[in-house]
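Trainee: I should like to request a close look at a single part of this model, followed by an account of its surroundings. Please begin wherever you consider suitable.

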Amino acid sequence: MSNSNSPLRVTVWNEYRHEQESERIRAVYPHGIHNSIAAPLRTAGFEVRTATLDEPDHGLGGDVLANTDVLVWWGHKVHELVSDAIAEQVVQRVWAGMGLIVLHSGHFSKPFKRLMGTGCDLKWREAGERERIWIVEPGHPIAQGLPEQIVLEHEEMYGEHFDIPAPDELVMVSWFQGGEIFRSGCCYHRGQGKIFYFRPGHESFPTYEHPHVQQVIANAVRWAAPSGLENVVRGHIPVAAEELEVYES
Ligand code: ZN
C-alpha cells in the first residue's frame, strides 16, 4: 500500500488487439484504449502505468501487481488468452486490498468472472444508439462532481438480465434508445478489496474521451483505493486475545 502522502498507483490494463488489428478502431483510439484512459488519470494526479496482453506476463509480472493500488481492466475478444496464473494473481491482490475497475466488455474477463462467481452474461446490440446513464446513488463518492445523467450519443447496448451477484452498492443504471436497461455502475467488496464495474466503452466509439466518463473512472479509482486494515490475521490462533481459563472436559 502506498503511504497516504504519495499518489495512488494505477495500472491501466488493455487487451490492445482491436486497435492494432482494425484501421477503423485505430482511428478512434490511435494510441490504444489504455492510453486514452491513462492520460486523464495522470492529469487527475495519479501515478499511472499501462500494461497490455502481448507484453511478457501481460505486463503484470514481477512486482507490478504488488505495486498497484488500483487496476483498471479493458478486454474483449481474447479473454481466454489471459493466463490463469495472472488472473489468479489479480484475484489474490483484490482479496488483499487492491482496487479493481472493470470496464465494459471486461464483464467476461477471467478476473471479474472469478470474483463474481456467476456467468456474467448479458444482452447486447451494436446499433450505435443513445445511452443515458442515470446516477441512482447521488451520495456515493463515485457520483462526485457528476450531473444526474451522462448522455452518450452512440454506444453499444448492454441489457438486463446481467448475470452478476446483486451489487453491494448500485450507483448507475443505463437506459438505451432501444428500450433496454442495465445496471451500469456496480460496487462490490471482495476480501479487503473493492471492485467497480462500469459499463460504457465499446471500442468503436470515443467514449473514454468523454469528460464525465473520465470523471467516473477517476472517482472510482479514489473509491477503490486500498483502505482499512493492512494486516488481517487468519488461521490457528493458539494465544487468545484474553487470558482463558483452562476447561477440563
Ligand atoms: Zn463492446
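Mentor: Let us begin with Pro111, which counts as buried because 25 C-beta neighbours lie inside 10 Å, the cut-off for a buried residue being 20 or more. The model is a predicted one. Pro111 has its place in helix α5, which comprises residues 110–116. Once neighbours within four places in sequence are left aside, the contacts of Pro111 are Trp73, Ala87, Val90, Val91 and Leu100. Phe182, by contrast, is 71 residues apart from Pro111 along the chain, and the C-alpha atoms of the two are separated by 21 Å.

Leu100 leads to a second residue, for Ile195 also touches Leu100, together with Val94, Val102, Leu115, Tyr188 and Arg190, when residues up to four places away in sequence are not counted. Ile195 lies in strand β9, residues 193–198. With 25 C-beta neighbours inside 10 Å, Ile195 counts as buried. Ala225 is 30 residues apart from Ile195 along the chain, with a C-alpha separation of 9.7 Å.

Ala225 appears again among the contacts of Val70: neighbours within four places in sequence aside, Val70 is in contact with Leu8, Val10, Met98, Gly99, Ile101, Val221, Ala224 and Ala225. This brings us to the nonpolar interior. In soluble globular proteins, nonpolar side chains tend to be buried together. In this model the largest nonpolar core has 63 residues, and those with the most contacts inside it are Val70, Val72, Ile101, Phe196, Ile217, Ala220 and Val221. Helix α6 gives the most to this core, namely 8 residues.

Helix α6 also has a helical partner. Helix α3 (residues 33–43) packs with α6 (residues 211–224) at an angle of about 65°, and their axes are 10 Å apart. That angle makes α3 roughly perpendicular to α6, the range for this class being 65 to 115 degrees. The crossing of α3 past α6 is right-handed. On the α3 side, Ile37, Pro40 and Leu41 meet Gln214, Ile217, Ala218 and Val221 of α6. Sorted by class, this contact has 6 nonpolar residues, 1 polar residue and no charged residues. Ile217 and Val221 thus recur here, having been listed among the residues with the most contacts inside the core.

An α-helix has 3.6 residues a turn, so residues three or four places apart point the same way. The buried residues in α3 are Ile33, His34, Ser36, Ile37, Ala38 and Leu41. They pack against β1 (9–14), α1 (18–21), β2 (47–52), β3 (70–74) and α6. Just after α3, Gly45 takes a positive phi of about 105°.

Some backbone details in the loops complete the account. Asp57, in the loop between β2 and β3, has a positive phi of about 55° although it is not a glycine. Asp57 counts as partly exposed, with 14 C-beta neighbours inside 10 Å. Cys120 is likewise not a glycine and has a positive phi of about 65°. Its place is the loop between α5 and β5 (123–135), and with 19 C-beta neighbours inside 10 Å Cys120 counts as partly exposed. Finally, Glu160 and His161 are joined by a cis peptide bond with omega of about 15°; His161 lies in the loop between β6 (149–159) and β7 (169–176).

Key: Residues numbered from 1 in each chain as written. Predicted model: local features only at pLDDT ≥ 70, side-chain atom pairs only at ≥ 80, totals over all residues. Axes fitted to C-alpha atoms, helices over the stretch in contact; angles between N-to-C directions. Helix = DSSP H or I, 4+ residues; strand = E, 2+ residues; numbered from the N terminus. Parallel < 35°, antiparallel > 145°, perpendicular 65-115°, else oblique. Left-handed = near helix turned anticlockwise from the far one by under 90°. Contact = placed C-beta atoms within 7 Å. Nonpolar A, V, L, I, M, F, W, Y, C, P; charged D, E, K, R; others polar. Buried ≥ 20, exposed ≤ 12 C-beta atoms within 10 Å, placed from the backbone. Core = buried A, V, L, I, M, F, W, Y, C linked by C-beta atoms within 7 Å.
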